[in-house]
Amino acid sequence: MSSAAQSPVPPPAAPPLTPPPADPHASSASDILTALDAQVATGLSAADATQRREHFGSNELASAPPVPIWRRALALVAEPLTYLLLAAIVVSVIAWAAEGMHGLPVDAIVIAAVIVLNTVIGLVQELKAADAVAALSQMTSPHATVTRDGRQMEIKAADLVPGDILHLGEGDAVPADARLVRVGHLMVAEAALTGESVPVEKSADEVARDAALGDRTCMVFSGTAVTQGSATAVVTGTGAATEIGKIADMISDAGEVETPLQKEMASVGRMLTIAVIAIALIVMVAAYLATDDHSLSSIVTVLLLGVSLAVAAVPEGLTAIVSMVLALGVWEMARSNAIVKKLDAVESLGSAGVVCTDKTGTLTQNRMTIERVVTADGDQAASDSAAAATLQLGALASNARLTPEGPLGDPTEAAFLLACADGPHTIPGWERMDELPFTSERKRMSVAVTGEAGEPLLIMKGAPDVVLARCSRIRTAGGDAPLDEAGRTGIEGEIARLAGDAYRTLAVAIREADGGRAWTTSGDLTEDAEQDLTFVGLAAMIDPPRPEAADAIAEAQHAGIRVIMITGDHPLTAGRIAEDLGINQPQVMTGAQVDALDDAEFADAVSGTSVFARVNPSHKLRIVRHLQESGTVVAMTGDGVNDAPALKRADIGVAMGITGTQVSHDAAAMILTDDNFASIITAVEKGRGIYRNLTKVLRYLLSSNMGEVLTVMGGVFLAGLLGLTQADGSVLLPLLATQILWVNLVTDSLPALALGLDPVDDSVMQDPPRRPGDRALNGPEWARILWTGFVMGALTLLALDVGLPGGLIDGSDDATTARTVAFTVLVVLQIVNALSVRHAHRSMAVGLFTNGKLWAALGITLGLQLLVLYVPLLNTAFSTVPLDGAHWLVVLGAAVVFLLIEEVRRLIVRMLRRR
């Protein structure tokens, strides 16, 4: 036999796998089955399933690894101001070493402690955040029922592949995206994915290719849940190819934006870095050139001068104070039902110019409520006695039930129970004998009950047109009457009117048994009995607005904040709720309309539209991105998986705590514990107040440090004029590095923190939102900081000159005493400055005693300074001496002069503004 004949024949190559159709909702079920090479009766073979799993991958979402604590800490340290503090530590250690390493490097230790404190505060707030994609993975069903190799079996949901025949029943979580093949009265809750407020009725009929996600009734999607009925479907998407998988990709791609505060702090850090380096170099060079002594000791003195300037210019406590003020704001917001996960989010919310909000549960009560009942005698409120029969009979024909935790079952059925429970209507205790269930084909439900006198009754509830077609009589206040054509036309008109007002309507009818029929046992009731009914009434229901939402929206709009509703619900419902709540520009645009617009057209649409309905996650993301690109700080609310990408992308994402999914919680920066839009506006008000206080903190710290810098610079450049030049030609430093550090330590800590807790008046919500380009420290603010620093520096140097021999004013104190007076003057001026910065232009006397914490902080600061002056051990550590009465007169005189100068400046500004 030839070698060729002996060679084994290789097995035939497996046919290449074709990807599932891109739009399975637009093709018939049979076409999808053919495209996926799947059979309903036999399902996939085990070998075929294995091959597909190798090709398409597991039905799982990739989860990003958790961020280690050390990486989070590094991210918090990676800020310009922190870099500046680290540089100051290095310089301090070098100067300490040059001096012979006597004692401890106190400057470096204190600055390092500030950095550690700031990092710890940030970590405590951020460690609770979890990865959004990991939460998406947890939403998927752990098991699924499929047909494989001709038999039904349960497998791990992760093992599902495209082409699997999937079986769904009531209560099942949908484990993958699938095209329905057979449907048995299927209702699916899709609120977390689409925003639809009630379960969606499904069918196997194909829909338009451009149908919105919420309108693809022939599809079921991973992460949703079956509330009623059963179905057989063919899997079309697994893992990253599902709608949830696409959202996971959008979450990863959405990125995060810097908050206004982060941008402001980065800007201040860069400016301070440049200023510190420039000032230190200029002064050190000037000091070096001003003396003929270029020995190592002289060089060390010049280096120490540079360190003094660096310490003076850098507000070491700034980052820690900002973090603590934000943390205190977080705790305050928690008492107002807002849990903040990231510190910077507190201030961002106060900067918001647009709030994009979901509808269901946020603006509305997330509870279908019957508001109107239409009978033959007219339209009345649900609480009216004329509505009793419609509501009572509708409650009897319901499979929902009320529990202490809330209603269970179909929300529209529960609405009848709630209407009776909340109103004066008592549900009769009639016994149910039989039932014809609601189906998508029948669009009605009938139950057989025994009436109060034991008579058999049939009660029907369903779609108004279907129920009306089976009625021959109508119930009126005077009794039952024949339903003529005019009466039928009138009811049809009422149905159309209520639908136009965005109400969901159900009709209720009743019939007594006749001809010996009893319906007393199961199976007696048949569709033949569903005729010749008496029309009782129409129930009109809606998920109504929260009572406090309209006031909150009005307050937001008055504050210049635009409110945009973005929902997956029906356009009519969205428009109705927007009008009820008073949202400006309530015209509605749908997701399909958004898809048809180019970028320029979309920009025009967003600027003039405040209600978007039937949108999907990509639409929400596009709206948020456009608003941000147009220069607006955007707050975005949401509760579902579909909201997660936009929540992450927004400047401040706000998730709902009660109805929100874990995915939305993890993607957001803030969570509302009461799901209430009004709480958002309360948080905005608090955020604005926090920002206003942080501006005061920045103004205080920078102006105070500017006073220290100008004191040191003035002492060097004006040494001859002020009598600071010594006999050997060297320059006497006006303040020592340890004294400057002490000033920063006592004045940059408690007083600054207390300023961050300053009470905020109601005017904070009367100002328009800040634009992203607006700086907390603009040109006029920097001018005030420089002016305040100049006045403080001048008064400190003047106090020094008063004590020293020579100079402008010939004094008699030694250098240590004169420096101690100047040191104390600087501390007291910064105490007064803390009171000054509370108002930009109003008198310091306005609200002078409204912040008790500030007065306590200033008292502690003054007490600490007295310890430095009168405790011998601290005298040695800080090179100070006790001051007598004459010295204190100089200190108090400087404080009074500072007050007078500031009050005159404010008076001039107010007079100029009135012109």
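Where is Asp37 found? Keep that in mind as we walk through this predicted model; Asp37 gets its own stop shortly.

**The whole chain**

Start with everything displayed as a cartoon. You are looking at 33 helices and 26 strands. Of the 915 residues, 54% count as buried. Among contacts with a separation of 6 or more, 72% are between residues 24 or more positions apart. Switch on a surface if you like: the chain exposes about 37700 Å², and carbon and sulfur atoms supply 59% of that area.

**Two positive phi angles**

Now select Asp37, which is found in the loop between α2 (29-35) and α3 (46-56). Check its backbone: phi is about 55°, a positive value although Asp37 is not a glycine. Here is the background to that stop. Most residues other than glycine have a negative phi. Asp37 counts as exposed because its relative accessible area is 57%, and the cut-off for that word is over 50%.

Next, go to Ser879, in the loop between α32 (872-878) and α33 (885-914). Phi of Ser879 is also positive, near 55°, in a residue other than glycine. Is Ser879 buried or partly exposed? With 30% relative accessibility, Ser879 counts as partly exposed.

**Salt bridges across the sequence**

A search of the whole structure finds 31 salt bridges. Three of them make good stops, so show side chains as sticks.

Select Asp569 and Lys359 to begin. Their closest N and O atoms are 2.9 Å apart in a salt bridge. The pair links distant parts of the chain, 210 residues apart. Asp569 sits in the loop between β21 (562-566) and α19 (571-581), while Lys359 sits in the loop between β9 (354-357) and β10 (369-375). Both residues are buried, so you may want to hide the surface here, given that buried means under 20% relative accessible area.

Then pick Arg442 and Glu530, whose side chains meet in a salt bridge at 2.8 Å, N to O. How many residues apart in sequence are the parts that this pair ties together? They are 88 residues apart, because Arg442 lies in the loop between β14 (431-436) and β15 (444-450) and Glu530 in the loop between β19 (504-512) and β20 (533-542). Arg442 and Glu530 are both buried.

**A shared network**

Now select Arg372, Asp379, Glu494, Arg497 and Asp501 together. Salt bridges that share partners join these five residues into one network. Within it, the side chains of Arg372 and Asp379 meet at 2.9 Å, N to O. Arg372 counts as partly exposed, with 27% relative accessibility, and Asp379 is partly exposed too, at 33%.

**A negative patch on the surface**

Turn the surface back on and colour by charge. Which residues form a negative surface patch? Select Asp465, Asp484, Glu485 and Glu492. Zoom in on Glu485, found in helix α17, which covers residues 485-500. Glu485 is exposed, since its relative accessible area is 57%.

**Into the interior**

Select helix α14, residues 388-396. This helix is mostly covered, with 8 of its 9 residues buried. Those buried residues are Ala388, Thr390, Leu391, Gln392, Leu393, Gly394, Ala395 and Leu396.

From there, jump to Thr590 in strand β22 (residues 588-590). Thr590 counts as buried because its relative accessibility is 17%. Leaving out residues up to four places away in sequence, Thr590 touches Pro571 and Ala613.

**Last stop: His665**

Finish by selecting His665 in helix α24 (residues 662-667). Its relative accessible area of 14% is why His665 counts as buried. What is His665 in contact with, apart from neighbours within four places in sequence? Show Lys341, Ala655, Met656, Gly657, Gly660 and Ile671 to see those partners. For a final distance, pick the C-alpha atoms of His665 and Leu647: they are separated by 9.2 Å, and the two residues are 18 residues apart along the chain.

Terms used. Residues are numbered from 1 along each chain as its sequence is written. This is a predicted model: local features need pLDDT of at least 70, side-chain atom pairs count only at pLDDT 80 or more; totals for chains, interfaces and linings use all residues. Side-chain values use heavy atoms; hydrogens and water are left out. Patches are made of residues with over 30% relative accessible area and no salt bridge: like charges are joined within 9 Å, nonpolar side chains (Val, Leu, Ile, Met, Phe, Trp, Tyr) within 5 Å. Accessible areas come from the Shrake-Rupley method with a 1.4 Å probe; for residues, only the protein chains shown count as cover. A salt bridge is a side-chain nitrogen of Lys or Arg within 4 Å of a carboxyl oxygen of Asp or Glu. Lys and Arg count as positive and Asp and Glu as negative; His and the chain ends are not counted. The place of a charge is taken as NZ of Lys, CZ of Arg, CG of Asp or CD of Glu. Helices (H or I, at least four residues) and strands (E, at least two) are DSSP runs, numbered from the N terminus. Buried means under 20% relative accessible area, exposed over 50%, partly exposed in between (1.4 Å probe, protein chains only). Contact means heavy atoms within 4.5 Å.
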